[in-house]
Amino acid sequence: MRRAAACIAALITLSPLAAAASEGGWVQVAISHPHAPRIVTAEARALFADVNATRMRHGLSPLVADERLSDLALAVARQMADRRYFGHTDPSGVTFADRLRAAGYQYRFAAENMALDCDEAHANAAFLQSPGHYENIVDPQPHKLGIAVLAAGDGEVFYVEEFSD
């Protein structure tokens, strides 16, 4: 019998005025069948295509892949898998804005979507059904996108989308 995975989703949007007020916390997660974290490239490509398909349906330009944002997304996905938490702020208090600053990333607009789900189709559906996540996907401000998909257990996969102008 296949175990159903529950989706946990979180989002954050940073603009010069919203950075401090919108950063969320974290939750501890139990990974029932853990394995060494592994990158799931095919799901990352599919999620990237789904984001751009949604944008195109709304008459928006597709986002361009950004390696620095993808590296940032992978770093946070790895950290969440290794430390078994989920959230934009890590258990030590490091925030999305802190991670961008530490990476030397300059932005006027940045946003982050996260999900912990069983597969790309469910994660994308969760993003599209959540008003805040959906707003990040169809916001006209970002031009770049970085995505990481990291499996930490059987059916327990971290999805991270990083948007920037």
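These legends accompany several views of one predicted protein model.

**View 1. The whole chain, from end to end.** Let's start with an overview: this predicted chain contains five helices and eight strands. Following the sequence, you meet them in the order β-β-β-α-β-α-β-α-β-α-α-β-β. Of the 165 residues, 47% are buried. Now think about which parts of the chain touch: among contacts with a separation of 6 or more, 76% join residues 24 or more positions apart.

**View 2. Helix 4 and its buried side.** Helix 4 spans residues 120-129, and here Glu120, Ala123, Asn124, Ala126 and Phe127 are buried. Why do they belong to the same side of the helix? They cover an arc of only 160° around the axis, so they sit on the same side of helix 4. There is a handy rule to remember here. An α-helix has 3.6 residues a turn, so residues three or four places apart point the same way. What do the buried residues pack against? Their partners are helix 1 (41-57), strand 6 (110-117), helix 5 (131-138) and strand 8 (156-164). On the face turned away from the buried side, look for the exposed residues Ala121 and Gln129.

**View 3. The start of helix 4, with aspartate 119 and glutamate 43.** Zoom in on the N-terminal end of helix 4, which is capped by aspartate 119. A side-chain oxygen of aspartate 119 lies 3.3 Å from the backbone nitrogen of alanine 121. Another residue to find in this view is glutamate 43, which belongs to helix 1. The side chain of glutamate 43 comes to 3.2 Å from the backbone nitrogen of glutamate 120. Setting aside neighbours within four places in sequence, glutamate 43 is in contact with Asp119, Glu120, Val149 and Tyr159. Asp119, the capping residue, is therefore also one of the contacts of glutamate 43, and Glu120 is one of the buried residues of helix 4.

**View 4. Asparagine 113 in strand 6.** Is asparagine 113 buried or exposed? With 0% relative accessibility, asparagine 113 counts as buried, because the cut-off for that word is under 20%. You will find asparagine 113 in strand 6, one of the elements that the buried residues of helix 4 pack against. A polar atom of the asparagine 113 side chain lies 3.3 Å from the backbone oxygen of histidine 133.

**View 5. Arginine 84 between a helix and a strand.** Arginine 84 is found in the loop that links helix 2 (67-83) to strand 5 (85-87). Its relative accessibility is 34%, so arginine 84 counts as partly exposed. Which residues does arginine 84 touch, leaving aside its neighbours within four places in sequence? The answer is Val27, Gln28, Val29, Ile31, Pro34 and Gln79. Take glutamine 28 as an example: 56 residues separate it from arginine 84 in sequence, while their C-alpha atoms are 6.1 Å apart in space.

**View 6. The largest pocket and its lining.** Our last stop is the largest pocket, with a volume of about 200 Å³. Residues lining the pocket include Ile39, Arg45, Phe48, Asp71, Leu74 and Val149. Which element gives the most to this lining? Helix 1 does, with four residues. Helix 1, helix 2 and strand 7 (144-153) each supply at least two lining residues. By type, the lining divides into eight nonpolar, two polar and two charged residues. One lining residue, Val149, may look familiar: it is also in contact with glutamate 43.

Technical notes. Residues numbered from 1 in each chain as written. Predicted model: local features only at pLDDT ≥ 70, side-chain atom pairs only at ≥ 80, totals over all residues. Heavy atoms only, no water. Buried < 20%, exposed > 50% of the residue type's maximum accessible area, 1.4 Å probe, protein only. Contact = heavy atoms within 4.5 Å. Arc of directions from axis to C-beta. Polar contact = N/O pair within 3.5 Å; in protein donor to acceptor, adjacent residues only side chain to side chain. 1 Å grid on protein atoms, 1.4 Å probe; cavity = no way out; pocket = protein on both sides within 12 Å on 5 of 7 lines; lining within 4 Å. Points joined across faces, edges and corners; volume = space filled by probe spheres on them. Nonpolar A, V, L, I, M, F, W, Y, C, P; charged D, E, K, R; others polar.
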